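Biologist: Please take a close look at one acidic residue and its surroundings. Then go on to the charged pairs in the structure.

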Amino acid sequence: MSHNTLDKHDKLPIKMLHDRVLVRSDAPEGERRSGGGILIPATAAVGRRLAWAEVVAVGQNVRTVEAGDRVLYDPEDRAEVEVRGVAYILMRERDLHAVAADRFEGGEDSTGLYL
């Protein structure tokens, strides 16, 4: 799979440059559920909360993540862009906090999470 495609059938009409990473958020903004299933309204005050997203495209200088990886990022520190009616988040690789990918599994004491 190319670093600049969603999958074989759905190419993005853009090419990422330099150290840029394009991600699609796992969860929509607004209400969310706690681990116990309690609905938390969007207006509830919480500490700085990081979010997970899927990498859909990367620039040629990105070294630690690739398309398909799940990454942890700060949702307050982002730039949004809409491509073909889908909202994506654009950020620099250095703004990612962690990556979780199947390719990390199998190693000794591996959790599949690279912090």
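**A buried aspartate and the salt bridges**

Modeller: D69 sits in the loop that runs between β6 (51-58) and β7 (70-73). The model is predicted. D69 is buried, because its relative accessibility is 4%, under the 20% cut-off. Its side chain reaches back to the backbone nitrogen of E66, at 3.0 Å. Leaving out residues up to four places away in sequence, D69 touches A53, E54, V55, T64, V99, A100, A101 and R103.

One of those contacts, E54, also takes part in a salt bridge. Its partner is R24, with the closest N and O atoms 3.9 Å apart. R24 belongs to strand β3 and E54 to strand β6, so this pair ties together parts 30 residues apart in sequence. R24 is partly exposed, at 30% relative accessibility. E54 is partly exposed too, at 30%.

The whole structure holds four salt bridges. Among them is the bridge between the side chains of D19 and R20, at 3.0 Å from N to O. Another joins R92 and D19, at 3.2 Å from N to O. That pair links distant parts of the chain: R92 is in strand β9 (residues 86-92), D19 is in the loop between β2 (10-11) and β3 (20-25), and the two are 73 residues apart. D19, R20 and R92 thus appear as a network of salt bridges. D19 is buried, because its relative accessible area is 17%, under the 20% cut-off. R20 is partly exposed, at 25%. R92 is partly exposed, at 28%.

How values were computed:
Residues numbered from 1 in each chain as written. Predicted model: local features only at pLDDT ≥ 70, side-chain atom pairs only at ≥ 80, totals over all residues. Heavy atoms only, no water. Helix = DSSP H or I, 4+ residues; strand = E, 2+ residues; numbered from the N terminus. Buried < 20%, exposed > 50% of the residue type's maximum accessible area, 1.4 Å probe, protein only. Polar contact = N/O pair within 3.5 Å; in protein donor to acceptor, adjacent residues only side chain to side chain. Contact = heavy atoms within 4.5 Å.
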